[in-house]
Amino acid sequence: MIGVYGGTFDPVHVGHLRTALEIKEVLQLEKILFVPCAQPPHRKAPVICPESRARMLELAVRTQPGFHVERLEIEREGYSYTVDTLASLRKQYEDKILCLILGMDAFLGLPQWNRWQSLFDLSHLVVMCRPGTRKMFPEQLERVVDQRQTLTAATLRTRRNGSIFFQQVTQLDISATEIRNSIKQGYSPRFLLPENVWAMIQELKLYQ
């Protein structure tokens with residue numbers, strides 16, 4: 001199985017990396033593809049250009065086995081719709097099971113995504129949540145969870161796509177927005193993001 005972890009990563013920080021590692025180990029994923037979003041359809045454009053964000057990601061994951069950066073959305077024109085990304089990856093990895101990795105906030109907004117129900121034709125959904133979090137879903141999403149939720153990670157390997165699995169992770173209270181604001185105000189974000197990423201930010205004077 002292959003994990004697909006999308007986001008703006010503006011910038012990537014240790015919260016992204018730690019949760020991804022936990023998901024990879026629990027689900028015994030072959031690898032995780034980090035997919036930096038070029039043009040998000042539901043939020044403002046990222047502060048830093050797609051190429052710089054991809055380079056920061058590549059620095060962040062280069063020493064972690066099984067972590068890879070997929071530039072598919074950066075190389076595609078127009079808005080970065082996840083359903084299009086998964087359709088492309090489905091062709092690239094025809095014999096693999098794909099698992100789209102989402103945070104709980106992103107999952108709760110799923111009904112606003114472009115062709116969101118088609119995601120289940122292409123992959124499983126793995127939703128990261130805090131330990132002890134009570135899951136409250138909008139009615140439309142509640143029906144989908146009732147139909148598709150599986151309680152064990154092993155079940156994901158028995159079918160090609162279409163399941164929802166909730167996995168508790170150590171969600172570090174780190175915000176990319178707060179990191180950007182700290183840098184702008186002249187404070188150091190050291191230890192909140194990989195050292196080589198911080199070095200790149202300093203060298204190129206990003207977020208200042």
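Biologist: In which loop does Gln-28 lie?

Modeller: In this predicted model, Gln-28 has a phi near 55°, a positive value in a residue other than glycine. Most residues other than glycine have a negative phi. Gln-28 is exposed, with a relative accessible area of 59%. Its place is the loop between helix 1 and strand 2.

Biologist: What is the approximate phi of Arg-115?

Modeller: Arg-115 is located in the loop between helix 5 and strand 5. The residue is partly exposed, because its relative accessible area is 45%, and partly exposed covers the range between 20% and 50%. Arg-115 is not a glycine, yet its phi is positive, at about 50°.

Biologist: Which two residues does a cis peptide bond join?

Modeller: Most peptide bonds are trans. In the loop between strand 1 and helix 1, where Pro-11 lies, there is a cis bond with an omega of about 5°. The residues it joins are Asp-10 and Pro-11.

Biologist: Is Thr-19 of helix 1 buried or exposed?

Modeller: Thr-19 belongs to helix 1. Not counting residues up to four places away in sequence, Thr-19 touches Tyr-5, Met-128, Val-169, Thr-170 and Gln-171. Its relative accessibility is 5%, and the limit for a buried residue is under 20%. Thr-19 therefore counts as buried.

Biologist: How far apart are the closest N and O atoms in the salt bridge of Glu-22 with Arg-18?

Modeller: Both residues lie in helix 1, four residues apart, which is about one turn of the helix. Glu-22 is buried, with a relative accessible area of 11%, whereas Arg-18 counts as partly exposed at 37%. The closest N and O atoms of this salt bridge are separated by 2.8 Å.

Biologist: With which residue does Glu-139 form a salt bridge?

Modeller: Glu-139 counts as exposed, at 62% relative accessibility. Its partner lies four residues away in helix 6, about one helical turn, and counts as partly exposed at 45%. The closest N and O atoms are 3.6 Å apart. The partner is Arg-143.

Biologist: What is the N to O distance in the salt bridge between Glu-195 and Arg-190?

Modeller: Glu-195 is partly exposed at 40% relative accessibility. Arg-190 is also partly exposed, with a relative accessible area of 44%. Their side chains meet at an N to O distance of 3.1 Å.

Biologist: Which residues are linked in a network of salt bridges?

Modeller: A search of the whole structure finds eight salt bridges. A network of such bridges links two glutamates and one arginine. Its members are Glu-51, Glu-58 and Arg-71.

Biologist: Which element gives the largest share of the largest nonpolar core?

Modeller: This core has 37 residues, of which Leu-27, Phe-34 and Ile-201 touch the most other members. The elements that give two or more residues to the core are helix 1, strand 2, helix 2, strand 4, strand 5, helix 7 and helix 8. The largest share is five residues, and the element that gives it is helix 1.

Biologist: Which residues are in contact with Phe-34, leaving aside its neighbours within four places in sequence?

Modeller: Phe-34 is one of the residues that touch the most other members of the largest nonpolar core. With those sequence neighbours left aside, its contacts are Tyr-5, Phe-9, Leu-17, Ala-20, Leu-57, Val-61, Phe-67, His-68, Val-69 and Glu-70.

Biologist: How many residues are in the second, separate core?

Modeller: Among the members of this core are Tyr-93, Phe-120, Leu-125 and Phe-137. The core is separate from the one that contains Phe-34. Its number of residues is 28.

Biologist: Which residues lie nearest the centre of the largest pocket?

Modeller: The largest pocket has a volume of about 1400 Å³. Elements that each supply at least two residues of its lining include strand 1, helix 1, helix 4, strand 4 and helix 5. The lining has 47 residues, and those nearest the centre are Gly-6, Gly-7, Arg-43, Gly-103 and Ala-106.

Biologist: How many residues of the lining of the largest pocket are charged?

Modeller: The lining contains 21 nonpolar residues and 19 polar ones. Glycine is counted among the polar residues. The number of charged residues is seven.

Conventions. Residues are numbered from 1 along each chain as its sequence is written. This is a predicted model: local features need pLDDT of at least 70, side-chain atom pairs count only at pLDDT 80 or more; totals for chains, interfaces and linings use all residues. Side-chain values use heavy atoms; hydrogens and water are left out. On a 1 Å grid over the protein atoms alone, a cavity is a set of points where a 1.4 Å probe fits but cannot get out, and a pocket is an open set with protein on both sides within 12 Å along at least five of seven lines; lining residues have an atom within 4 Å of a point. Grid points are joined across faces, edges and corners, and a volume is the space filled by probe spheres set on the points. A nonpolar core is a set of buried Ala, Val, Leu, Ile, Met, Phe, Trp, Tyr and Cys residues joined through side-chain atoms within 4.5 Å. Buried means under 20% relative accessible area, exposed over 50%, partly exposed in between (1.4 Å probe, protein chains only). Contact means heavy atoms within 4.5 Å. A salt bridge is a side-chain nitrogen of Lys or Arg within 4 Å of a carboxyl oxygen of Asp or Glu.
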